[in-house]
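Reader: Hi! Could you walk me through how some of the helices pack in this one, and then tell me about a pocket?

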Amino acid sequence: MRFGITLPAGFGSDFAGVVDEVGAQATGFTAGDRVYGAAIGRSVADFVLVETPAAHLWPTPEGVADEVASVLPVSGLTASAALAAIGLRAGDTVLIGGAAGGVGVFAVQLAKLAGARVLGTASKGTFGFLRGLGAEPVAYGPGLADRVRALAPEGITAATDLFGREAAETALELGVAPERISVVADGPAPPPGVRKTGALDAGPGALERIADAIRSGEITVPIAATFPVERIREAVPMQAEGHVHGKIVIAL
């Protein structure tokens, strides 16, 4: 069992759509409202039942398409929490591990909005993609510390690792204080003093601020592919490969 899920189980977490019915005791939403949210293990469905109070349901802002809203909650909140955990601020030079992934695309852009210089680890095939988001790409793998030194000889001041622990360990090697390094909760134990975090640690209003930034054009949400639910089997291995540039959407 993981995240309260036992097999057999549904699929997916984030969703977006229109409220079809509202229970007698439900508050804050009415039938016909456009909404987006998270329902772990059960979002790929014709209907999603959300209990109230709706802690994981938000109104979809005008100007934000359902396709975009449907990929925001988990990745957006995780990215926000990862940067908040290290106190990212203007003037920082931050190393982001897994920068081209689903969480990374949000972390890169949020860090840029905060006024930080962003170095992002990725495979060489994603370098152009990352530059388009405002990051300076650096290849992951053996020798990462040397490549980061060459790219930022004045040093880095913070790091967040969104995939594995390589970026976190590299930041420590380069002299970054452990409290200025974060890793996402899913994975092996982090090095001593490094902050472990996840979507549930995001501060109040974090997702609303991300949605506002998308609406204003300050953040873009790359959609790697959209599949009708009848072709969901094609989406699963694509996601599992771990080299998707952006998010995968299932349309019902």
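Author: Happy to. Let's start with helix 2 and helix 3, which are oblique to each other. Bear in mind that this is a predicted model.

Reader: What angle do helix 2 and helix 3 cross at, and how close do the axes come?

Author: They cross at roughly 50 degrees, and the axes come within 8 Å. An angle of that size falls outside the 65 to 115 range for roughly perpendicular, and it is not under 35 either, so the pair counts as oblique.

Reader: Nice. Is that crossing left-handed or right-handed?

Author: The crossing of helix 2 and helix 3 is right-handed. On the helix 2 side, Ser75, Gly76, Ala79, Ser80 and Leu83 make the contact, and on the helix 3 side it is Phe106, Ala107, Leu110 and Ala111. Sorted by class, that contact has six nonpolar and three polar residues, with no charged ones.

Reader: And how does helix 2 sit against helix 7, say in angle and axis distance?

Author: Their axes cross at roughly 105 degrees and come within 9 Å. That makes helix 2 roughly perpendicular to helix 7.

Reader: Which residues meet there?

Author: Helix 2 brings Pro73, Gly76, Leu77 and Ser80, while helix 7 brings Ala206, Leu207 and Ile210. By class, five are nonpolar, two are polar and none is charged.

Reader: OK, pocket time. How much space lies in the second largest pocket?

Author: About 200 Å³. It is lined by 13 residues, and the closest to its centre are Ser80, Leu83, Leu110, Ala114 and Arg209. Helix 2 (73-85), helix 3 (104-113) and helix 7 (206-215) each give two or more residues to that lining.

Reader: So our helices turn up again! What classes are in the lining?

Author: Ten nonpolar residues, two polar and one charged. Ser80 is a handy one to click on: it takes part in the contact with helix 3, it is among the residues that meet helix 7, and it is one of those closest to the pocket centre.

Reader: Changing topic, what about helix 5 and helix 6: what angle do they pack at?

Author: Helix 5 (residues 144-151) and helix 6 (residues 166-173) pack at about 60 degrees, with axes 9 Å apart. Helix 5 passes helix 6 in a right-handed crossing.

Reader: Which side chains should I look at, and what classes are they?

Author: Look at Leu144, Ala145 and Arg149 in helix 5, which meet Glu166, Ala167, Thr170 and Glu173 in helix 6. That contact has three nonpolar, one polar and three charged residues.

Definitions and conventions:
Residues are numbered from 1 along each chain as its sequence is written. This is a predicted model: local features need pLDDT of at least 70, side-chain atom pairs count only at pLDDT 80 or more; totals for chains, interfaces and linings use all residues. Side-chain values use heavy atoms; hydrogens and water are left out. On a 1 Å grid over the protein atoms alone, a cavity is a set of points where a 1.4 Å probe fits but cannot get out, and a pocket is an open set with protein on both sides within 12 Å along at least five of seven lines; lining residues have an atom within 4 Å of a point. Grid points are joined across faces, edges and corners, and a volume is the space filled by probe spheres set on the points. Helices (H or I, at least four residues) and strands (E, at least two) are DSSP runs, numbered from the N terminus. Ala, Val, Leu, Ile, Met, Phe, Trp, Tyr, Cys and Pro count as nonpolar, Asp, Glu, Lys and Arg as charged, and the others, Gly among them, as polar. Axes are lines fitted to C-alpha atoms, for helices over the stretch in contact, and angles run from 0 to 180 degrees between N-to-C directions. Angles under 35 degrees count as roughly parallel, over 145 as roughly antiparallel, 65 to 115 as roughly perpendicular and the rest as oblique. A crossing is left-handed if the near helix is turned anticlockwise from the far one by less than a right angle, and right-handed if clockwise. Contact means heavy atoms within 4.5 Å.
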